[in-house]
Amino acid sequence: EINNPIGFVTSNLGSMKRYVEGLLALLQAQEAGRPPEELAPLRQAADIDYVAEDLPQLIKESEDGLARVKKIVQDLKDFSRVDQSEWQDADLHAGLDSTLNMVLNEVKYKARIDKAYGAVPPVRCLAGQLNQVFMNLIVNAAHAIQRDGVITLSTGTEQRQGADWAWVEVRDNGCGMSPEVQRRIFEPFFTTKPVGQGTGLGLSLSFSIIKKHGGHIDLHSNPGDGTRFRVWLPVHGPEEAK
């Protein structure tokens, strides 16, 4: 994601360098009082009319590219929460959105993203760790889809036994899982992916992170009919986080 805008900014800088070199050569010759016959080839090489048309476009493209890089870096910072490693009241929707931007290359050629966000208050959590959970669930959903699929991100709240709970759901319409796979899906090192394409640790670590938050994960899946993971989190955090 970063290489693409950096690539055309670098290309644009190469063009601008050539333009400036030609213009400076012409300007220095004029300042030195060179005769018209010496200025003519320099003026032709500088191609002032073309530069006047192309240069503003190159600058605008470069500005847009660098703004894109800045946005990616901010998304990465929001995703990892490198400056916020303590328990905090976090916006789950912001976490989902920044995570989605991080994994867009895994998703955009496979599926459309639908969002059905509800009204969710700030949740007491370790935001960076929750984003890791969201990343695992979204990437797994993408891997379960061959093409032209749909991944739906939903959120909401519910009161259970006098406590406020928030939930985040990742649903796909991919290949689904058999009952046997579902029984083992949270085991460390268990994976259905080909050798070299998965460690089998993503969902195991996600399970541990949610357990640390005092929450749990519900799984519903049928072969050929997609999968739904719903993460439940106590809004006010686990007892030890208070």
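In the description that follows, Ala, Val, Leu, Ile, Met, Phe, Trp, Tyr, Cys and Pro are taken as nonpolar, Asp, Glu, Lys and Arg as charged, and the remaining residue types, Gly among them, as polar. On this division, the lining of the largest cavity comprises 6 nonpolar, 2 polar and 2 charged residues. The model examined here is a predicted one.

The volume of the largest cavity is about 50 Å³, and the count of cavities of 30 Å³ or more comes to 1. Its lining is formed by 10 residues, among which Ala90, Asp91, Leu92, Ala127 and Asn131 lie nearest the centre of the cavity. Two or more lining residues are given by each of α4 (92-102) and α6. The greatest contribution to the lining is that of α6, with 4 residues.

The chain as a whole contains 8 helices and 7 strands. Of its 242 residues, 39% count as buried. Among the contacts with a separation of 6 or more, 70% are made by residues 24 or more positions apart.

Helix α6 is also engaged in a helix pair. Two packed helices are described by the angle between their axes and the distance between the axes. For helix α6 (residues 127-143) and helix α8 (residues 202-212), the axes come within 9 Å and cross at roughly 145°. The crossing of these two helices, α6 and α8, is left-handed. On the α6 side, the contact is made by Gln129, Leu130, Gln132, Val133, Asn136, Leu137 and Asn140, which meet Gly202, Leu203, Ser206, Ile209, Ile210 and Lys212 of α8. By type, the residues of the contact of α6 with α8 divide into 6 nonpolar, 6 polar and 1 charged.

Within this contact, Gln129 belongs to helix α6. Gln129 counts as partly exposed because its relative accessibility is 26%, which falls between the 20% limit for buried residues and the 50% limit for exposed ones. The C-alpha atoms of Gln129 and Ile209 are 6.8 Å apart in space, although the two residues are 80 residues apart in sequence. Apart from neighbours within four places in sequence, Gln129 is in contact with Ile209, Lys212 and His213.

The last of these partners, His213, is located in the loop between α8 and β6 (216-221). With a relative accessibility of 1%, His213 counts as buried. When residues up to four places away in sequence are not counted, His213 touches Trp87, Arg124, Cys125, Leu126, Gln129, Leu130, Leu233, Pro234, Gly237 and Pro238. Trp232 lies 19 residues from His213 along the chain, and a distance of 9.4 Å separates the C-alpha atoms of the two.

A further buried position is found in strand β4, where Leu153 is placed. Leu153 counts as buried because its relative accessibility is 0%, the limit being under 20%. Leaving aside neighbours within four places in sequence, the contacts of Leu153 are with Leu100, Ile113, Asp114, Lys115, Ala116, Tyr117, Ile138, Glu169 and Val170. One of these residues, Tyr117, is 36 residues from Leu153 along the chain, with a C-alpha separation of 7.3 Å.

Two loop residues combine a positive phi with a residue type other than glycine. Asp47 has a phi of about 50° and is not a glycine. The loop that holds Asp47 runs between α2 (36-46) and α3 (48-80). The relative accessibility of Asp47 is 39%, so the residue counts as partly exposed. Asp148, likewise not a glycine, has a positive phi of about 55° and is located in the loop between α6 and β4 (149-160). Asp148 is exposed, its relative accessible area being 69%, and the limit for this class is over 50%.

Finally, Asn105 is found in helix α5 (residues 104-107). Asn105 counts as partly exposed, with 41% relative accessibility. The C-alpha atoms of Asn105 and Glu1 are 7.9 Å apart in space, whereas the two residues are 104 residues apart in sequence.

Definitions and conventions: Residues numbered from 1 in each chain as written. Predicted model: local features only at pLDDT ≥ 70, side-chain atom pairs only at ≥ 80, totals over all residues. Heavy atoms only, no water. Axes fitted to C-alpha atoms, helices over the stretch in contact; angles between N-to-C directions. Left-handed = near helix turned anticlockwise from the far one by under 90°. Contact = heavy atoms within 4.5 Å. 1 Å grid on protein atoms, 1.4 Å probe; cavity = no way out; pocket = protein on both sides within 12 Å on 5 of 7 lines; lining within 4 Å. Points joined across faces, edges and corners; volume = space filled by probe spheres on them. Buried < 20%, exposed > 50% of the residue type's maximum accessible area, 1.4 Å probe, protein only.
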